[in-house]
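Q: Please take a close look at one site in this model and then follow its surroundings outward in a connected account. I would like the cut-offs behind each term to be stated along the way.

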Amino acid sequence: MSTAMNTELTVTIWPGLTPRLLRTGDGVESVADYLAAGGYRPQSDDESFLAEIGRAGLVGRGGAAFPMAVKLTTVRTASLRGQDTVLVANGEEGEPASVKDRWLLRHRPHLVLDGVRLAARIIGARHAHIYVSDVTSAQVVQSALDDVAPESLDGITVGVFTVAPGYVAGEESAAVRAINGGPAKPTDKPPRPFEEGVGGLPTVVSNVETLANLPFIHLHGAATYREVGTDASPGTFLATITGGGRPPGLYEVPLGASAAELIELHGISTDQVHGALMGGYFAGLLDRRIVDGTMDHESLRALGSGLGCGAVSVITDECPIAVAASVLDYYDRENADQCGSCFNGTAAMAAAAGALRDGVADADDVARLQRWSMVLRGRGACATLDAACNIAASMLAMFPDHVARHLDDQCPSCRRGAFTAQRPFEVEAL
């Protein structure tokens, strides 16, 4: 089942799957349609619903896969002690290769708002922020807020906060810092937002797609939620698929689905696949073993990669060394310019990978890149440097033959004209 959202993106539901997050109707889902489908169902027992989220096994869809029930419980405990709390729905979506959050905000704003309502009730928050950088998303959500009755949101006030787009702007402490009046750049931890967030209050920062799963659990229960997916990775997720010379696609996929089937569904023969850029950019490069994997956290972790935010860029004709060099250049440009280890580390790794791509690196350059990819991890205020380390380390580990060819300046693909992109595999504004 599929529907073209526009000429740039095709939205597709996994064959045989009853959709939970996507819908095939044109335009923005109205509040009337959402209510008719059971949305904004009254909630009377927040503690029981929190337990149901735990039984459902919902984990974050922003990249970290942290258990949602644990995140909510931490701030709920502060609320039960009498503290005011805040909820932030993070839809900034800084990963260039991902489009899922923008789609949900633009097409199913009431699903997101319902999830915001349910999460805010659990943690005792009376106010929530929808944090975005996409202007159209902000406008659609504001229009949805104008349409929905206050009682549907249980009296919780919701505001839309818009920032300039940027890779680091979507990090949770950057979101808090921006809402508090500062730049959208990460801060040192501790404190973390659940300890001291918006206005100095305990704050849950949760990805838009994660929150959009809560209404299904509320309406159907944990057992039904677990009917799709695997025991360890239950439910569905939104996958943004790019590459292979195909227009980008957004797919609702059962966790545990075959990666090969997903790639074929996108119109790419698995015979063409040399590897993939995983989790947006954060999870790094994976070699051809991607076609033997399944789309869940455990399978991809066993392959030395990760699902991250669910974005997969399939590498066919591109040289993986050139892809890695372009991503490292991106991280060099997009770091927050506030931590020396990241500022200098991303630049050094980008320079080494660029030299390798261009056939002018030697074995010492590769050895330095390998060492940097290990010793620079965990430094800085956010995970940008870790992401750059993932790219460098996975390139070296997954594609040693390509590295060797580049050391001899014998890569046929790069000799014809190396892959370069300011924002590799970007899904542009819709």
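Is Glu227 buried or exposed, and what is its relative accessible area?

A: Glu227 is exposed, with a relative accessible area of 64%, where exposed means over 50%, buried under 20% and partly exposed in between, computed with a 1.4 Å probe on protein chains only. The model is predicted, so local features need pLDDT of at least 70 and side-chain atom pairs count only at pLDDT 80 or more, whereas totals for chains, interfaces and linings use all residues. Residues are numbered from 1 along each chain as its sequence is written, and side-chain values use heavy atoms, with hydrogens and water left out.

The place of Glu227 is the loop between helix 10 (222–225) and strand 7, helices (H or I, at least four residues) and strands (E, at least two) being DSSP runs numbered from the N terminus. Its C-alpha atom is separated by 9.9 Å from that of Ala56, although the two residues are 171 apart along the chain.

Beyond this loop, strand 7 (residues 236–243) runs parallel to strand 13, to which 4 bridges join it; two strands pair if DSSP finds at least two bridges between them. Gly243 has Val314 as its bridge partner in strand 13. Strand 13 also pairs with strand 10 (residues 275–278), here in the antiparallel sense and again over 4 bridges, and Met278 finds its bridge partner in Val312. Because 5 of the 5 residues of strand 13 (residues 311–315) are buried, this strand is largely enclosed by the rest of the structure. Both of its faces are covered, with Ala311, Ser313 and Ile315 buried on one side and Val312 and Val314 buried on the other.

Nonpolar cores offer another view of the interior. A nonpolar core is a set of buried Ala, Val, Leu, Ile, Met, Phe, Trp, Tyr and Cys residues joined through side-chain atoms within 4.5 Å. The largest such core holds 134 residues, of which Ile290 and Met349 touch the most other members. With residues up to four places away in sequence left out, Met349 touches several residues, including Leu328, Leu369, Trp372 and Leu385, a contact being heavy atoms within 4.5 Å. Apart from this core lies another, of 12 residues, among them Tyr131, Ala175, Ala178 and Val198.

Tyr131 leads on to the aromatic pairs, of which a search of the whole structure finds 9. Tyr131 and Phe161 form a stacked pair, with 6.3 Å centre to centre and 15° between the planes; rings of Phe, Tyr and Trp (its six-membered ring) pair if their centres lie within 6.5 Å, and planes under 30 degrees apart count as stacked, over 60 as edge-to-face and the rest as tilted. This pair links distant parts of the chain, since Tyr131 belongs to strand 4 (residues 127–132) and Phe161 to strand 5 (residues 157–162), 30 residues apart. Tyr131 counts as buried at 0% relative accessibility, while Phe161, at 24%, counts as partly exposed.

The two strands of that pair belong to an open sheet of 4 strands in the order 5-4-3-6, with parallel pairing. Strand 5 and strand 6 (203–207) stand at the edges, each with a single partner strand, so one side of each is left without a neighbour in the sheet. The twist averages 20° from one strand to the next, with axes taken as lines fitted to C-alpha atoms, for helices over the stretch in contact, and angles running from 0 to 180 degrees between N-to-C directions. Strand 4 and strand 5 pair over 6 bridges, and one of the bridge partnerships is that of His127 with Thr157. Helix 5 (residues 109–123) packs on the sheet, touching strand 3 (86–90), strand 4, strand 5 and strand 6, and its direction makes about 150° with that of strand 3. Helix 6 (residues 135–147) packs on the sheet too, touching strand 4 and strand 5, at about 165° to the direction of strand 5.

As for confidence, the mean pLDDT of the protein is 95, and 98% of its residues reach 70 or more, pLDDT being the predictor's confidence in each residue, from 0 to 100. Over residues 1–7, however, pLDDT stays under 50. Where pLDDT is low, the predicted coordinates should not be read in detail.
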